[in-house]
Amino acid sequence: MNRRTLLQSAAAFLGVSTVGCTTTVAVRSGKNRYYEGPVTDHFDGVRFFNPDGSPPKGFRDLLRWRMGEDPTEWPTEVPVLTVRPERRVDDLTVTMVGHATMLIQTRGLNILTDPWWSERASPVSFAGPKRVAKPGISFEDLPPIDLILLSHCHYDHMDLATLTRLKADHDPLVITPLGNDTIIQSTGLRTEVLDWGQSTNFGQLGIHCTPCHHWGARGVSDRSMALWGTFVLTGPGGAVVFIGDTGFDQGRPYRDLPAQFGPIRAELLPIGAYDPRWFMADQHQNPDEAVQGFLLSKAAYAVGHHWGTIQLTNEGRNDPRFALEEALGAHNVAQNRFRALEAGEFWAIPSI
């Protein structure tokens, strides 16, 4: 993928992909099209924001990045051995579908994170990031899906075409942060929205929404009008944490989790789309920061996702996996505690 192709792609989905940016907009200008609610410590009445954090960069920085160093070339396709999951699992198994899409099976429930089965993460079919690895579970081989955890509205995490298919075939409940329910309303899915610090119950599980450091947009004028968040699942056997995207933010997404939720059995953490650091660090942690967060939260095990499926930034396809191995060694963490799963791989998470 050369610089010209990247620039064309950037123009096609400016401001709507996980790494796109919009032109700078006055924080309180306009009207929020997705959510109306009181001002809080992370909502100014129009837009959500990261308290004491960093806003996403603007158009000038986007062009500086796109016109700078060429990204490492990715393969156009990689082999994937698809798997057909068990219909139900009593304990805890995580299966990698691809990117941030994982199947969590626990307590007889089947839960999908940020489901995406489309060819591109883009609002258009002719441009934007295209998958090089097909889904590790064929859509037709999915077990009955009970719940979707939808972390934010970027196109590589919120795919309306996939959500519409899931409504037709499975009719799951979607739990998502504030404002995202408006965006997916056209799919017909049932939704429940949570603000940071709010919780709900589903089956034997508690579902909790906590802060992470990111942003969201679907177009050039809706930056941060829908909230982003971390999900923590609590129940017998220890908590499970899912973060779709986050910057490390001095460890703030992680450091309070043990006191709030007790022993954490497993974390599903993003480890890709981090290079160049001057552009990406505020919104996407790198593998070393993911390991630091893992240690801060005192989790027993972790799955690395958000790598190897679509090229979003400059690093090579396998760079996140290799960097994770190095970071685990540097922090004296056993390699079998934090695994970067390929599409189609699954892991029966050990008990704690």
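Strands here are DSSP runs of E with at least two residues, numbered from the N terminus. In this predicted model, a good place to start is strand β7, which runs over residues 199–202. One of its faces is covered and carries T200 and F202, while S199 and N201 sit on the uncovered one. That pattern fits a simple rule: in a regular strand the side chains alternate between the two faces of the sheet.

Strand β7 has a partner in strand β8, residues 205–210, and the two run antiparallel, joined by 4 bridges. Within that pairing, N201 is matched with G206 of β8. The turn of the hairpin leaves 2 residues between the strands, and G203 takes a positive phi there, near 60 degrees.

Next comes helix α7, which spans residues 287–296. Its buried residues are P287, E289, A290, V291, G293 and F294. Several elements help to cover them, including the strands β11 (264–270), β12 (301–305) and β13 (338–340), and also the helices α6 (277–280) and α8 (319–330). At the start of α7, N286 gets involved through its side chain: an oxygen there comes within 3.2 Å of the backbone nitrogen of D288. Just after the helix, K298 has a positive phi of about 60 degrees.

Then there are the charged pairs. Side chains of opposite charge can pair when their charged atoms come close. The structure has 11 salt bridges. One of them joins K57 to D282, with 3.3 Å between the closest N and O atoms. K57 belongs to the loop between α1 (3–12) and α2 (59–66), and D282 to the loop between α6 and α7, so this pair ties together parts that are 225 residues apart in sequence. D282 counts as partly exposed, because its relative accessibility is 26%.

Another salt bridge links R321 with E342, at 2.9 Å from N to O. This one also connects distant parts of the chain, as R321 is in helix α8 and E342 is in the loop between β13 and β14 (346–348), 21 residues apart. R321 is partly exposed, at 24% relative accessibility. Elsewhere, K167, D171 and R190 are joined into one network by salt bridges that share partners.

D249 turns up twice in this story. It forms a salt bridge with R252, where the closest N and O atoms are 2.6 Å apart. The two ends sit in unlike surroundings: R252 is partly exposed at 32% relative accessibility, whereas D249 is buried at 18%, since buried means under 20%. D249 also has a positive phi, near 50 degrees, despite being a residue other than glycine. Its place is in the loop between β10 (239–243) and α5 (257–261).

H306 is a further non-glycine residue with a positive phi, this time of about 65 degrees. H306 lies in the loop between β12 and α8, and it counts as buried because its relative accessibility is 2%. Another backbone feature is the peptide bond from D275 to P276, which is cis, with omega near 10 degrees. P276 is found in the loop between β11 and α6.

Finally, E73 offers a look at an exposed position, with 64% relative accessibility. E73 is part of the loop between α2 and β1 (92–98). Its C-alpha atom is 27 Å from that of I243, a residue 170 positions away along the chain.

Definitions and conventions
Residues numbered from 1 in each chain as written. Predicted model: local features only at pLDDT ≥ 70, side-chain atom pairs only at ≥ 80, totals over all residues. Heavy atoms only, no water. Buried < 20%, exposed > 50% of the residue type's maximum accessible area, 1.4 Å probe, protein only. Pairing = 2+ DSSP bridges. Contact = heavy atoms within 4.5 Å. Polar contact = N/O pair within 3.5 Å; in protein donor to acceptor, adjacent residues only side chain to side chain. Salt bridge = Lys/Arg side-chain N within 4 Å of Asp/Glu carboxyl O.
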